[in-house]
Amino acid sequence: AATEVCHSQESPAVNMSQYLFPEFSTCTIKSTSGTVSTENGNYNTITGKMAFMKGTTIYGLALARQADTISFGNRHFVPFGEVFHEVVVNAPITLFIQHESRLIAPGQPVGYGGTSKVSNVDTYSHINTQSGIYSLEIPPDFEVKYMPVYRISRDGKMHSFLGRKQFIKIFPEYKKEIGSYIKSQGIKMEDRDDLIKLVRYCNELYAK
């Protein structure tokens with residue numbers, strides 16, 4: 001079952017900067033078989049894993065793909081492979097955010113598309129289990145840099161974008177209208193609420 005949590009390890013002092021939410025909170029897990037359960041959960045933006053806490057023990061899902069949706073209040077997450085994307089606008093033109101962070105070593109340059117994500121797990125101590133890493137013990141001189149990936153799904157295709165130009169390219173039929181809307185509304189592409197407003201506008205355009 002999707003609610004099956006496994007592979008735990010004690011973690012008395014959790015570094016919360018690796019998680020999407022400032023604290024673990026109640027979430028609802030709906031499995032692909034339709035069962036629903038609740039856990040005390042959070043999302044690890046470095047490892048891409050859902051994490052659940054009982055006492056000082058952190059667990060993970062046995063298999064991410066057995067979950068249909070995991071909801072924290074009105075924020076909903078769906079599995080893409082073994083990581084989760086947040087469904088931000090659920091409409092014919094869907095907006096997803098893949099919440100990602102990079103773990104930056106001291107003095108290491110940070111940039112999109114760079115190699116700043118630490119891939120060698122030997123460089124920091126971690127809780128490593130059969131199905132993933134749910135909590136990292138991050139050295140004090142390392143920085144957790146939040147670098148989300150934005151994705152649009154339309155007509156059965158997934159498009160990722162960073163910034164205004166890449167977003168407009170996804171909608172060639174209405175590039176003038178969308179460009180004008182971004183300017184007139186002062187849309188900031190890294191602002192969650194502005195993106196929601198923009199994607200809702202795109203849905204209205206294509207619904208005409």
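Arg154 and Asp155 form a salt bridge, with their closest N and O atoms 3.3 Å apart. This comes from a predicted model. The two partners sit at opposite ends of the accessibility scale used here. Arg154 is buried, at 11% relative accessible area. Asp155 is exposed, at 68%.

Asp155 deserves a second look. Its place is the loop between strand E14 (149-154) and strand E15 (157-161). Its phi is near 55°, which is a positive value in a residue other than glycine. Most residues other than glycine have a negative phi.

## Salt bridges

How many salt bridges does the structure hold? There are 5. Three of them are listed here.

| Pair | Closest N to O distance |
|---|---|
| Arg154 and Asp155 | 3.3 Å |
| Arg75 and Glu86 | 2.9 Å |
| Arg192 and Glu86 | 2.6 Å |

Which residues are joined into one network by salt bridges that share partners? They are Arg75, Glu86 and Arg192.

Take the Arg75 side of the network. The side chains of Arg75 and Glu86 meet at 2.9 Å, N to O. Arg75 belongs to strand E7 (residues 75-80) and Glu86 to strand E8 (residues 83-89), so this salt bridge ties together parts that are 11 residues apart in sequence. Arg75 is partly exposed, with a relative accessibility of 23%. Glu86 is buried, at 1%.

Now the Arg192 side. The side chains of Arg192 and Glu86 meet at 2.6 Å, N to O. This pair links distant parts of the chain, 106 residues apart. Arg192 is in helix H3 (residues 192-207), and Glu86 is in strand E8. Arg192 counts as partly exposed, at 29% relative accessibility.

Why does Glu86 count as buried? Its relative accessibility is 1%, and buried means under 20%. Arg75 and Arg192 do not fall in that class: their values are 23% and 29%, and both count as partly exposed.

## A positive patch

Next comes the surface. Arg164, Lys165, Lys169 and Lys183 form a positive surface patch. Which helix gives the largest share of the patch? Helix H1 (residues 163-169) does, with 3 residues.

Lys183 lies in another element, helix H2 (residues 175-184). Lys183 is exposed, at 70% relative accessible area.

Helix H2 also holds Gly179. Is Gly179 buried or exposed? Gly179 counts as buried, at 16% relative accessibility. Gly179 also pairs up in space with a residue of the patch. Its C-alpha is 8.1 Å from that of Arg164, and the two residues are 15 apart in sequence.

## Between the helices

The loop between H1 and H2 contains Phe171. Phe171 is buried, with a relative accessibility of 0%. From Phe171 to Cys202, the C-alpha distance is 8.4 Å, while the sequence separation is 31 residues. Cys202 is buried as well, at 1% relative accessible area.

## Cysteines and disulfides

How many disulfides does the structure hold? The count is 0. A disulfide is a covalent bond between the sulfur atoms of two cysteines. Cys27 and Cys202 are both buried: Cys27 has a relative accessibility of 0%, and Cys202 has a value of 1%.

## A contact across the chain

Phe142 sits in a loop, this time between strand E12 (132-137) and strand E13 (143-146). Phe142 counts as buried, at 17% relative accessibility. How many residues lie along the chain between the positions of Phe142 and Ile104, and what separates their C-alpha atoms? The two are 38 residues apart along the chain, and their C-alpha atoms are separated by 5.6 Å.

## In brief

Glu86 is buried and shares in a salt-bridge network with Arg75 and Arg192. The positive patch draws its largest share from helix H1, and Lys183 of the patch lies in helix H2. Phe171 is buried in the loop between those helices. Asp155 combines a positive phi with an exposed position.

Definitions and conventions: Residues numbered from 1 in each chain as written. Predicted model: local features only at pLDDT ≥ 70, side-chain atom pairs only at ≥ 80, totals over all residues. Heavy atoms only, no water. Patch = residues over 30% accessible without salt bridge, like charges linked within 9 Å, V, L, I, M, F, W, Y side chains within 5 Å. Areas by Shrake-Rupley, 256 points an atom, 1.4 Å probe, with all protein chains shown as cover. Salt bridge = Lys/Arg side-chain N within 4 Å of Asp/Glu carboxyl O. Lys, Arg positive; Asp, Glu negative; His and termini not counted. Charge placed at Lys NZ, Arg CZ, Asp CG, Glu CD. Helix = DSSP H or I, 4+ residues; strand = E, 2+ residues; numbered from the N terminus. Buried < 20%, exposed > 50% of the residue type's maximum accessible area, 1.4 Å probe, protein only. Disulfide = S-S within 2.5 Å.
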